Amino acid sequence: MKDGLRWCYHSLTVSCTVLELVVCFFSIWSILGLSGFHTYLVASNLTTNEDIKGSWSGKRGAEDSTNPYSYNNIFTNCCAVLCGPMPPSLIDRRGFVEADGSAPLAAPEVELPPFVAKNDTNVEESCQDFALTCTA
């Protein structure tokens, strides 16, 4: 009886160890992959979006497209990214918002349309309305 328990405990320990090794392998693989990709981005002075879209690689058909932010040297790019000051953002989505005391703190009350249970006629009518809107 004790031999059966020892064998069961041993097989459970081995299977848990194998599972742990598999999880560690994929975790380390993904960390190393992301580290390598971000090292490449820093060395080439690109953002992820610019790399995926190929903004400066000539994939878009423009032959004279070079990265205007690159210093054309891996070490200078790394030093500029890691040790240089943060440049101001070029994206100004909302503009400058002044602090104003007259802004409402809560959202205004909005009256919602009454709830109508869906049935076959409502669905058919809304589909017809949608079709008319799309064709118009």
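Q: In this predicted model, which residues make the nonpolar surface patch, and what is its area?
A: In this predicted model, the chain carries a nonpolar surface patch built from Val-14, Val-18, Val-22, Phe-25, Phe-26 and Trp-29. Residues qualify for such a patch with over 30% relative accessible area and no salt bridge, and the area made by these side chains comes to about 630 Å².

Q: Is Val-18, one of the patch residues, buried, partly exposed or exposed?
A: Val-18 has its place in helix α1, which covers residues 2–44. Buried means under 20% relative accessible area and exposed means over 50%, so Val-18, at 46% relative accessibility, counts as partly exposed.

Q: How far apart are the end C-alpha atoms of residues 12–32?
A: The UniProt record, in an unreviewed entry, places the feature "transmembrane region" at residues 12–32. Over that stretch the chain is 100% helix and 0% strand, and the distance between the end C-alpha atoms is 30 Å.

Q: Which backbone atom does the side chain of Ser-27 reach?
A: Ser-27 is found in helix α1, where a relative accessible area of 33% makes Ser-27 partly exposed. At a distance of 2.8 Å, the side chain of Ser-27 reaches the backbone oxygen of Val-23.

Q: How many helices does the chain have, and what pattern do they follow along the sequence?
A: The secondary structure of the chain comes to four helices and zero strands. Read along the sequence, these elements therefore appear, with helices as DSSP runs numbered from the N terminus, in the pattern α-α-α-α.

Q: Which residues does Val-42 touch, leaving out those up to four places away in sequence?
A: Val-42 is found in helix α1 and counts as partly exposed, at 23% relative accessibility. The C-alpha atoms of Val-42 and Asn-77 are separated by 6.7 Å, although the two residues are 35 residues apart along the chain. Once residues up to four places away in sequence are set aside, Val-42 touches Asn-77, Cys-78 and Val-81.

Q: What is the phi of Asn-45, and where in the chain is this residue?
A: Asn-45 has its place in the loop between α1 and α2, and with a relative accessible area of 17% Asn-45 is buried. Asn-45 is a residue other than glycine, yet its phi is positive, with a value near 55°.

Q: Which residues are in contact with Asn-45, leaving aside its neighbours within four places in sequence?
A: Contact here rests on heavy atoms within 4.5 Å. With its neighbours within four places in sequence left aside, Asn-45, a residue of the loop between α1 and α2, is in contact with Glu-50, Asn-67, Tyr-69, Ser-70, Tyr-71, Asn-77 and Val-81.

Q: Which backbone nitrogen lies 3.1 Å from a polar atom of the side chain of Glu-50?
A: Glu-50 has its place in helix α2, residues 48–53, and at 17% relative accessibility Glu-50 counts as buried. Not counting residues up to four places away in sequence, Glu-50 touches Asn-45, Ser-55 and Trp-56. The backbone nitrogen that lies 3.1 Å from a polar atom of its side chain is that of Thr-47.

Q: Is Asn-72, with its positive phi, buried or exposed?
A: Asn-72 lies in the loop between α2 and α3, the latter covering 74–83. Asn-72 has a positive phi of about 60° although it is not a glycine. At 73% relative accessibility, over the 50% cut-off, Asn-72 counts as exposed.

Q: How far apart in space are Ser-65 and Ser-55, C-alpha to C-alpha?
A: Ser-65 lies in the loop between α2 and α3, and with a relative accessible area of 17% Ser-65 is buried. Ser-65 and Ser-55 are 10 residues apart in sequence, and their C-alpha to C-alpha separation in space is 7.7 Å.

Q: What share of the residues of the chain counts as buried?
A: The accessible surface of the chain comes to about 12,900 Å², and 65% of this surface belongs to carbon and sulfur atoms. Of the 136 residues of the chain, the share that counts as buried is 9%.

Q: Among contacts between residues at least 6 apart in sequence, what share joins residues at least 24 apart?
A: One contact of Asn-45 is with Val-81, and Val-42 likewise touches Val-81. For the chain, among contacts between residues at least 6 apart in sequence, the share that joins residues at least 24 apart is 32%.

Technical notes
Residues numbered from 1 in each chain as written. Predicted model: local features only at pLDDT ≥ 70, side-chain atom pairs only at ≥ 80, totals over all residues. Heavy atoms only, no water. UniProt positions renumbered as here; feature names shortened; annotations may be inferred. Helix = DSSP H or I, 4+ residues; strand = E, 2+ residues; numbered from the N terminus. Patch = residues over 30% accessible without salt bridge, like charges linked within 9 Å, V, L, I, M, F, W, Y side chains within 5 Å. Areas by Shrake-Rupley, 256 points an atom, 1.4 Å probe, with all protein chains shown as cover. Salt bridge = Lys/Arg side-chain N within 4 Å of Asp/Glu carboxyl O. Buried < 20%, exposed > 50% of the residue type's maximum accessible area, 1.4 Å probe, protein only. Polar contact = N/O pair within 3.5 Å; in protein donor to acceptor, adjacent residues only side chain to side chain.
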